[in-house]
Amino acid sequence: MANQLLKGKKGIIFGALNDMSIAWKVAERAHEEGAEFVLTNAPIAMRMGEINTLAEKCGNALVIPADATKIEDLENLFEKAMEHLGGPVDFVLHSIGMSPNVRKKKHYTDLKYEWYHQTLDVSAMSLHKTLATAKKMDAINDWGSVLALTYIAAQRIFPDYNDMADAKSLLESITRSFGYHYGIAKKVRVNTISQSPTVTTAGSGVKGFDEFINFSEMMSPLGNADGLACADYCISMFSDLTRYVTMQNLFHDGGFSSTGVTQPVIEKFGSIEE
Ligand SMILES: NC(=O)c1ccc[n+]([C@@H]2O[C@H](COP(=O)([O-])OP(=O)(O)OC[C@H]3O[C@@H](n4cnc5c(N)ncnc54)[C@H](O)[C@@H]3O)[C@@H](O)[C@H]2O)c1
């Protein structure tokens with residue numbers, strides 16, 4: 001299904017950990033669509049070396065380690081990426097999320113605040129740092145497109161999503177605020193895609209994920225959107241076909257966000273005898 005939608009475009013893709021990662025699928029699709037890009041992830045996430053397999057599949061893409069919470073790493077990333085790609089980029093995918101409180105099963109009402117800081121820094125402030133670094137270095141071309149991935153727990157309570165919900169709220173707010181300033185300055189657009197629950201390393205870390213993904217499937221008229229479908233949506237958002245979309249939170253969830261209840265869910269509860 002390649003249409004060369006990204007022919008001539010250059011980009012940076014954060015967050016491909018393994019072949020389940022949404023970013024992995026975005027990289028494969030962006031390559032098919034003719035884009036040239038740099039892959040990046042936190043140095044610690046590169047220990048298994050899986051990202052090199054992806055780089056080979058994507059026309060020997062350059063891999064540059066960067067902890068997205070560290071400004072000096074981001075400066076090095078944009079500098080090396082521009083050197084390698086021959087100039088500023090046209091698209092950036094921020095596909096980063098991590099909560100020590102979720103990992104260590106701390107309850108939302110009893111968070112460890114040091115970890116809460118880390119959750120917000122890694123999962124949300126890293127987008128601000130990426131955008132601020134890019135803007136200062138003039139590293140994104142006019143009409144460039146920046147995407148971050150989010151989840152509907154930013155708007156509604158999903159108890160086991162814990163402090164990641166707060167991080168996603170902040171991520172979506174940064175998207176609006178920075179989208180305004182970057183739009184005025186350089187016509188760079190910034191959006192979030194709010195994705196269905198998807199089986200990945202980050203996704204499966206959430207307690208009760210298997211039950212929850214089934215519930216979500218039943219509550220979505222089209223069913224859950226998978227990682228590949230999410231990648232397709234990202235490609236369209238990086239393309240020139242969506243030039244005037246900015247500062248938006250875009251639901252990519254098979255209709256889940258607009259659904260109150262579905263017939264299969266009602267039927268699960270059986271009928272109440274008079
Ligand atoms: N899987 C889902 O159900 C789902 C649903 C909606 C949104 N999302 C979001 O999609 C994004 C990608 O997650 P995924 O599901 O593909 O899981 P994933 O575990 O494959 O990806 C998360 C990535 O974040 C990276 N990361 C963590 N700390 C980092 C740091 N300090 N610097 C740079 N990178 C760092 C990890 O190395 C990893 O590659 C996340 O923002 C996640 O919240 C996931």
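This passage looks at model confidence, one helix pair, the ligand shell and three individual residues.

The structure is a predicted model, in which local features need pLDDT of at least 70, side-chain atom pairs count only at pLDDT 80 or more, and totals for chains, interfaces and linings use all residues. Residue numbers start from 1 along each chain as its sequence is written. Mean pLDDT (the predictor's confidence in each residue, from 0 to 100) comes out at 96 for the protein, with 98% of residues at 70 or more. Among the elements (DSSP runs numbered from the N terminus, helices being H or I of at least four residues and strands E of at least two), strand S6 (residues 189–195) has the highest mean, 99, and H7 the lowest, 80.

H7 turns up again at the ligand, where it gives the largest share of the shell, three residues. Helix H1 (22–32) and strand S5 (140–150), like helix H7 (201–204), each bring at least two residues to that shell. There are 27 residues around the ligand (C-beta atom, placed from the backbone, within 6 Å of it), and the nearest are Ser 21, Ala 45, Gly 97, Ala 202 and Gly 203. By type, the shell holds 14 nonpolar residues, 12 polar and one charged; here Ala, Val, Leu, Ile, Met, Phe, Trp, Tyr, Cys and Pro count as nonpolar, Asp, Glu, Lys and Arg as charged, and the others, Gly among them, as polar.

Now for the helix pair. The axes of H5 (residues 113–136) and H6 (residues 164–186) lie 8 Å apart at an angle of about 10°, taking axes as lines fitted to C-alpha atoms over the stretch in contact and angles from 0 to 180 degrees between N-to-C directions. H5 is therefore roughly parallel to H6, a label for angles under 35 degrees (over 145 is roughly antiparallel, 65 to 115 roughly perpendicular, the rest oblique). Contact residues (C-beta atoms, placed from the backbone, within 7 Å) include Leu 120, Leu 127 and Leu 131 of H5 and Leu 170, Ile 174 and Phe 178 of H6. The contact comprises 12 nonpolar, three polar and two charged residues.

Leu 147 sits in strand S5 and is buried, with 23 other C-beta atoms within 10 Å (buried means 20 or more, exposed 12 or fewer, partly exposed in between, with C-beta atoms placed from the backbone). Leaving out residues up to four places away in sequence, Leu 147 touches Leu 93, His 94, Asn 191, Ile 193, Cys 234 and Met 237.

Two non-glycine residues show positive phi. Lys 105, with phi near 60°, lies in the loop between helix H4 (100–103) and H5 and counts as exposed, having 10 C-beta neighbours inside 10 Å. Asn 162, at about 55°, belongs to the loop between S5 and H6, and is buried.

Technical notes
Contact = placed C-beta atoms within 7 Å.
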